Amino acid sequence: MKARQVFDVHGYPAAEPFDGETQRICPETPFLGHDAQSFLMPGPLNLAVDCDVTGGASGGGWTISGSTILNSVTNYGYGTDSGTDFGAYFGKEVGHLFHRAGRVK
């Protein structure tokens with residue numbers, strides 16, 4: 001997989017105008033780029049997508065558009081840019097971890 005995907009972004013935003021009880025999906029949301037701040041921190045680069053949700057949507061999955069392949073989750077947004085969500089890209093290492101965890105009994 002690669003970071004430059006089109007995602008279906010899922011979440012349960014809780015702050016107004018949402019109620020936290022209804023799933024919101026931003027379908028076919030293209031990769032916008034990386035959060036510049038993530039280049040300054042260890043770990044995977046955070047992807048940016050255009051999905052206008054409020055607080056409470058964190059943890060919602062990003063599936064590759066039209067599939068069930070989970071490739072990120074909403075980690076955070078910036079109050080000054082409520083239309084953009086950020087999440088770490090699930091690259092090869094996350095895939096390896098998933099397969100190793102599946103072998104644990």
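Is Tyr76 buried, partly exposed or exposed? The legends below get to that ring in the last view. This is a predicted model, in which local features need pLDDT of at least 70, side-chain atom pairs count only at pLDDT 80 or more, and totals for chains, interfaces and linings use all residues. Residues are numbered from 1 along each chain as its sequence is written, and side-chain values use heavy atoms, with hydrogens and water left out.

**View 1. Seven strands line up in one open sheet.**
Read across the sheet, the order is β5-β4-β1-β2-β3-β7-β6, with antiparallel pairing. Strands here are DSSP runs (E, at least two residues), numbered from the N terminus, and two of them pair if DSSP finds at least two bridges between them. What holds such partners together? Strands of a sheet pair through backbone hydrogen bonds, either parallel or antiparallel. At the edges sit β5 (70-73) and β6 (76-78), each pairing on one side only. Neighbouring strands are turned by 40° against each other on average, direction ignored; the axes behind that angle are lines fitted to C-alpha atoms, and angles run from 0 to 180 degrees between N-to-C directions.

**View 2. Strand β4 has a partner on either side, β1 and β5.**
Three bridges join β1 (residues 6-11) to β4, and the two run antiparallel. Look for Thr63: in β4, it is the bridge partner of Asp8, and its own bridge partner in β5 is Leu70. β4 and β5 also pair in the antiparallel sense, over three bridges. Together they make a hairpin with five residues between them, and Gly66 in the turn has a positive phi of about 80°. Both faces of β4 are covered: Gly61 and Thr63 on one side, Trp62 and Ile64 on the other, are all buried. Buried means under 20% relative accessible area, exposed over 50%, and partly exposed in between (1.4 Å probe, protein chains only).

**View 3. Cys26 and Cys51 form a disulfide.**
Their sulfur atoms lie 2.0 Å apart; the rule for a disulfide is a pair of cysteine sulfur atoms within 2.5 Å, and by it the count comes to one. Cys26 lies in β2 (residues 24-34) and Cys51 in the loop between β3 and β4 (61-64), so the pair ties together parts that are 25 residues apart in sequence. The torsion about the S-S bond is about 70°, so this disulfide is right-handed. Cys26 counts as buried at 7% relative accessibility, and so does Cys51 at 2%. Both cysteines belong to the largest nonpolar core, a set of twelve residues that also includes Phe7, Val49 and Trp62. (Such a core is a set of buried Ala, Val, Leu, Ile, Met, Phe, Trp, Tyr and Cys residues joined through side-chain atoms within 4.5 Å.)

**View 4. Tyr76, Tyr78 and Phe86 are linked into a ring cluster.**
Rings of Phe, Tyr and Trp (its six-membered ring) pair if their centres lie within 6.5 Å; planes under 30 degrees apart count as stacked, over 60 as edge-to-face and the rest as tilted. The structure holds four aromatic pairs. One of them, Tyr76 with Phe86, is stacked, at 5.1 Å centre to centre and 10° between the planes. Tyr76 lies in β6 and Phe86 in β7, so the pair ties together parts that are ten residues apart in sequence. And the opening puzzle? At 23% relative accessibility, Tyr76 counts as partly exposed, whereas Phe86 is buried at 6%. Tyr78 and Phe86 meet edge-to-face, 5.3 Å centre to centre with 70° between the planes.

Conventions. Helices (H or I, at least four residues) and strands (E, at least two) are DSSP runs, numbered from the N terminus.
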